[in-house]
Amino acid sequence: MALAAEQAESGTVHATLNYIFDTGVKPVAESYGPGIGLLRHNTSTFDPQIVPIHDGRQELFSLDTSGFALVDHPTAVKDFYDADELRTVYYPEMEQLIAGQSRAARVHVFDHTLRTSDQAAREARQLREPVLAVHNDYTEWSGPQRVRDFFPDQAEALLERRMAIIQVWRAIAKPVERDPLAIADTRFLEAADFVAAERRFPNRVGEIYQFRYNPAHRWYRFPRMHRDEALVFKVYDSAKDGRARWGAHSAFADPTTPAGAPMRESIEIRAFAFF
């Protein structure tokens, strides 16, 4: 308890992140169960590492340098579990937010995921669990492929210009204390750290990056993120001009989480940004 209190006061916590142990066999993960809310790693071998995770509220970040930014962003959404309200209220809010942060000419939200640490709520609402593994949601192949999936007739023309996939993560109920999100500064990721992994869904096969451990990685958290804050971060950018293209993130067990802290409830949206 004394160590946890000391870490909370310093702003930096030391917590376990699950990196991948590269066996030379392409890792495979499969989403399954009600609402495809469960994740099964079929061939992955994990390499848990205790790493420092710094308080991101003490620094400044941007999408094109670090690959992410925390912004104040009140939402008009009343019920995040109302699918119609998400599409009519939240999606337009997110498209406007991402356009402002990225300066994209066009933004299109194409997906969202609701997650909770509460197993009973996951089963009742068909939600997904927090992902306790270091990953990035898209790769050099799967980023453009998602454009082809959603815009088959326009994809090749759209992909002739710069395109990014940008995500937004936020708490949807109480401030997040349990299973919060850690995010890595992309400037400290190296090409050798990335491991392409197959991601299987009931109706398609995708690809993500998992990551080998590298002590040079620099991790951040934003303690007690609340409903009117949004973490905006890149998971793909076609530009190869030195700006941030990728990132790495993971949920983690925070040693400073107080006993009896509420279960995490969060939403992430995924959007194409066309320039």
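# Briefing on a predicted structure

V168 has V232 of strand 13 as its bridge partner. That contact belongs to a set of six bridges between strand 8 (residues 163-171) and strand 13 (residues 229-237), two strands that run antiparallel. The model described here is predicted. The points below cover its five-stranded open sheet, the helices lying across that sheet, the strands around strand 11, the aromatic pairs and the nonpolar cores.

**The five-stranded sheet**

- Five strands form an open sheet in the order 5-13-8-15-6, and their pairing is antiparallel.
- Strand 5 (68-72) and strand 6 (106-116) are the edges, each pairing on one side only.
- From one strand to the next, the twist averages 25°.
- Nine bridges pair strand 8 with strand 15 in the antiparallel sense; one residue of strand 15, F274, is the bridge partner of M163.
- Strand 6 and strand 15 also run antiparallel, joined by ten bridges; here H112 stands opposite I269 of strand 15.
- Is strand 15 largely enclosed by the rest of the structure, or largely open? Nine of its ten residues are buried, so strand 15 is largely enclosed.

**Helices across the sheet**

- Helix 2 (residues 83-102) lies across strand 5, strand 6, strand 8, strand 13 and strand 15 (265-274).
- The direction of helix 2 is at about 120° to strand 6.
- Helix 4 (residues 142-150) lies across strand 6, strand 8, strand 13 and strand 15.
- Helix 4 runs at about 90° to strand 8.

**Strand 11 and its partners**

- Strand 10 (residues 194-201) pairs with strand 11 over eight bridges in the antiparallel sense, and a hairpin connects the two through two residues.
- Within this pairing, A197 has I208 of strand 11 as its bridge partner.
- Strand 7 (residues 135-136) is joined to strand 11 by two bridges, and these strands run antiparallel.
- The partner of N136 in strand 11 is Y209.
- Six of the eight residues of strand 11 are buried, so this strand is largely enclosed by the rest of the structure.
- The loop between strand 11 and strand 12 holds N214.
- N214 has 12% relative accessibility, and buried means under 20%, so N214 counts as buried.
- Leaving out residues up to four places away in sequence, N214 touches Y19, E190 and D193.

**Aromatic pairs and charges over rings**

- The model has 18 aromatic pairs.
- One of them, between F68 and Y220, is tilted, with 6.3 Å centre to centre and 50° between the planes.
- F68 is in strand 5 and Y220 in strand 12 (residues 219-221), so their pair ties together parts that are 152 residues apart in sequence.
- F68 is buried at 1% relative accessibility, and Y220 is buried at 1% as well.
- What makes the pair of Y209 and W246 edge-to-face? The ring centres are 5.3 Å apart and the planes stand at 90°; planes over 60 degrees apart count as edge-to-face, so this pair does.
- Y209 belongs to strand 11 (residues 204-211), while W246 is in the loop between strand 13 and strand 14 (249-251), so the pair ties together parts that are 37 residues apart in sequence.
- Both Y209 and W246 are buried.
- F110, F150, F151, F272 and F274 form a cluster linked by ring pairs.
- A charge also sits at this cluster: the charged end of R106 is over the ring of F151, 5.2 Å from the centre of that ring.
- Elsewhere, R162 lies over the face of F275, at 3.7 Å from the ring centre.

**Nonpolar cores**

- In soluble globular proteins, nonpolar side chains tend to be buried together.
- Which residues touch the most other members of the largest nonpolar core? They are L17, I53, W219 and L231, in a core of 41 residues.
- Another core, of 26 residues, lies apart from the largest one, and its members include F80, A230, V232 and F275.
- Not counting residues up to four places away in sequence, L231 touches F68, A69, L70, Q167, V168, W169, L181, I183, F222 and M225.
- Two residues met above thus come back here: F68 and V168 are among the contacts of L231.
- V232, the bridge partner of V168, is one of the members of the 26-residue core.

Methods: Residues numbered from 1 in each chain as written. Predicted model: local features only at pLDDT ≥ 70, side-chain atom pairs only at ≥ 80, totals over all residues. Heavy atoms only, no water. Pairing = 2+ DSSP bridges. Helix = DSSP H or I, 4+ residues; strand = E, 2+ residues; numbered from the N terminus. Axes fitted to C-alpha atoms, helices over the stretch in contact; angles between N-to-C directions. Contact = heavy atoms within 4.5 Å. Phe/Tyr/Trp six-rings, centres within 6.5 Å; stacked < 30°, edge-to-face > 60°. Buried < 20%, exposed > 50% of the residue type's maximum accessible area, 1.4 Å probe, protein only. Lys NZ or Arg CZ within 6 Å of the ring centre and 35° of its normal. Core = buried A, V, L, I, M, F, W, Y, C linked by side-chain atoms within 4.5 Å.
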